[in-house]
Amino acid sequence: MNNELCGKISDSELEIMKLLWQAGEALPVMVIRESLQESIGWEPATIKTLIARLVSKGVVLQEKRKVYYYSPLVDEEQYHAWATEHLISRLYNGSARNLVAALVRSDGLTKDDIEELREMFRVEE
């Protein structure tokens, strides 16, 4: 996993990454622009700037066909793993246990969630 690349993605740029991950294939700029204008209300210039930043950071590949197409160079699972590690490190002093404890104390987990976690951690003899 390239943590350096994952750490370069800003919150706004993450919206473009989510769209690219969801598509599962390279998207033309027009599709990206239309989708983000509709879902978020961003202006075309904002979208163009964010895409250019992602390309310059090496997080998104730009391919010239008839028009420019864009695809992610960091996969979603890589990003999620990095973001989780970063969150645990920053907020819970590197302790995943403290994160889970905080979720339980804040009612962030339902009883079904807790049972599912128990099953995940249950060690078979």
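**Notebook: salt bridges, sheet and core**

I looked first at K18 and E15, whose side chains meet in a salt bridge at 3.6 Å, N to O; the term requires a side-chain nitrogen of Lys or Arg within 4 Å of a carboxyl oxygen of Asp or Glu. I note that this is a predicted model, in which local features need pLDDT of at least 70 and side-chain atom pairs count only at pLDDT 80 or more, while totals for chains, interfaces and linings use all residues. Residues are numbered from 1 along each chain as its sequence is written, and side-chain values use heavy atoms, with hydrogens and water left out.

K18 and E15 lie three residues apart in helix α2, about one helical turn; helices (H or I, at least four residues) and strands (E, at least two) are DSSP runs, numbered from the N terminus. I found K18 partly exposed at 41% relative accessible area (buried is under 20%, exposed over 50%, partly exposed in between; 1.4 Å probe, protein chains only).

I counted five salt bridges by this rule. Among them, R122 and E119 have their closest N and O atoms 2.4 Å apart.

I then traced the strands, where pairing requires at least two DSSP bridges. Strand β2 (residues 60-64) runs antiparallel to β3 over five bridges, with Q62 opposite Y70. A hairpin of three residues joins β2 to β3. β3 (residues 68-72) also pairs with β1 (residues 27-28) in the antiparallel sense, over two bridges, and P28 has Y69 as its bridge partner.

I last checked Y79, which touches C6, I9, L14, W21 and V74 (heavy atoms within 4.5 Å), residues up to four places away in sequence not being counted.
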